[in-house]
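Reader: I would like a close look at one part of this protein, namely its aromatic rings and cysteines together with a helix that carries several of those rings. Please take it step by step.

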Amino acid sequence: MIKDLYTEGYPFLYETHVHSSESSACANNTAVDMAIAHKAAGYAGFILTNHNWGGNTAVSRNLPWDDYLDAFFEPYRLAKKWGDDNDFQVFCGYEAGYNGTEFLIYGLDIDWMHAHPEIRDASVEEQYDIVHSGGGIVVHAHPFREASYIRKIRLYPEYVDAIEGVNASHCPYNGWPDNRLFNERALRYARTLHLPVTGGSDTHSVNLFGGGMAFPERLRDIDDFVRLVKSAGAGDYRVTDGISIYDAYGVKLS
C-alpha cells in the first residue's frame, strides 16, 4: 500500500478521514481498533473525523454542549492514548453535516470548541468564519458523491479552503462499486477553483482501502497538517486512493 509512496520520497502516510463507532452511528469499529488496524497497515497516523451533531452522530444531540463534546471526543482521547504508547499519531477533527452535504473540519482545539457553542447552529457560511477564527480549515468532503442520504449536490466554493478530491471509498475495493467518477469530478472542480486537494478513505471499519495523504516528513501536530494544506504550493505532499498518486493540486502523477 505505501511502497510506491516510499519510492516517491513520501514515506509518512496519514489517513485523513476516519470514523469510529463511539461517535459515528454508521461506523463498525472503535477508535482504538481503527488505530491498531492503521498502524498494522503501515500508516504513520490518522485524523479521527467522526460525524458531528449535524450528521450521523452516535452521541445524543440532546446533551448540553459541554457534555456532547466530552462524549463526542472521548474516542479521540482513547485512540490518542493508544497511539502515544505505540508510535502512532492520532489527530483530532470532525465531519460536519448539513442535510447530506459534508465538510471535514481540521485544526480546532477541543477547549476552543467548548468556549464557542455558536458553531453548533452555524450555517455553512458562518461555519467558514468561525472555523477560521479558531485557526482551522474547512474541506468539502466528497463534493460529487451520489448517495441516498445526499438529496442534491451543493457546492460552496467561497466557503472552503480545500477539496477532498480523492476519496478511496469511491474505488472498487473488495466488491465496492466503482465510483471513481465522483473523484474525477472533485479533482476537476478543485483545479477550476485553484484550491488544494486532500485525500482520505472515509473508513468506517478496519477493512482499510489504502488512501490518504503522504508527506516527506512526519507531521508535528494537526496545526502542521493545516499549514501544509493551506500552503499547498509550498507545502509538499502527495494524495492517494491506494491506486493512483496525485500532487497537492490534484494532478495525477502515477
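How many disulfides does the structure hold, and what can be said about the cysteines, the aromatic pairs and helix α3?

Author: This is a predicted model, and it holds zero disulfides. Cys26 is in no disulfide, since the nearest cysteine sulfur, that of Cys92, is 17 Å away, whereas a disulfide would need the two sulfur atoms within 2.5 Å. Cys26 counts as partly exposed, at 31% relative accessibility, while Cys92, likewise in no disulfide, is buried with a relative accessible area of 9%.

Aromatic contacts, on the other hand, are present, and the structure holds 17 aromatic pairs. One of them joins Phe103 and Tyr156 edge-to-face, with 5.9 Å from centre to centre and 65° between the planes. Because Phe103 belongs to strand β4 (residues 101–106) and Tyr156 to the loop between β5 (137–140) and β6 (162–167), this pair ties together parts that are 53 residues apart in sequence. Phe103 counts as buried at 0% relative accessibility, and Tyr156 also counts as buried, at 14%.

A further pair is formed by Phe144 and Tyr189, whose ring centres are 5.5 Å apart and whose planes stand at 85°, so that this pair too is edge-to-face. It links distant parts of the chain, for Phe144 sits in the loop between β5 and β6 and Tyr189 in helix α6 (residues 180–193), 45 residues apart; both residues are buried. Elsewhere, Tyr14, Phe91, Tyr106, Phe215, Phe225 and Tyr237 form one aromatic cluster.

Helix α3 spans residues 65–85, and its 21 residues reach 30 Å from the first C-alpha to the last, close to the 30 Å expected at 1.5 Å a residue. The helix nevertheless bends by about 40° at Phe73, with a proline, Pro75, following within four residues. Among the buried residues of α3 are the aromatic ones Trp65, Tyr68, Phe72, Phe73 and Tyr76, and the list also includes Leu69, Pro75, Ala79 and Gly83. An α-helix has 3.6 residues a turn, so residues three or four places apart point the same way. The buried residues of α3 pack against the helices α2 (31–41) and α4 (110–114) and against the strands β2 (45–48) and β3 (89–98). Tyr68 has a charged neighbour as well, since the charged end of Arg120 sits over its ring, 5.3 Å from the ring centre. Just after α3, Asp87 takes a positive phi of about 55°.

Technical notes
Residues are numbered from 1 along each chain as its sequence is written. This is a predicted model: local features need pLDDT of at least 70, side-chain atom pairs count only at pLDDT 80 or more; totals for chains, interfaces and linings use all residues. Side-chain values use heavy atoms; hydrogens and water are left out. Rings of Phe, Tyr and Trp (its six-membered ring) pair if their centres lie within 6.5 Å; planes under 30 degrees apart count as stacked, over 60 as edge-to-face and the rest as tilted. Helices (H or I, at least four residues) and strands (E, at least two) are DSSP runs, numbered from the N terminus. Buried means under 20% relative accessible area, exposed over 50%, partly exposed in between (1.4 Å probe, protein chains only). A charge sits over a ring if NZ of Lys or CZ of Arg is within 6 Å of the ring centre and within 35 degrees of the ring normal. The expected span of a helix is 1.5 Å times one less than its number of residues. The bend at a residue is the angle between axes fitted to the seven residues ending there and the seven starting there. Contact means heavy atoms within 4.5 Å.
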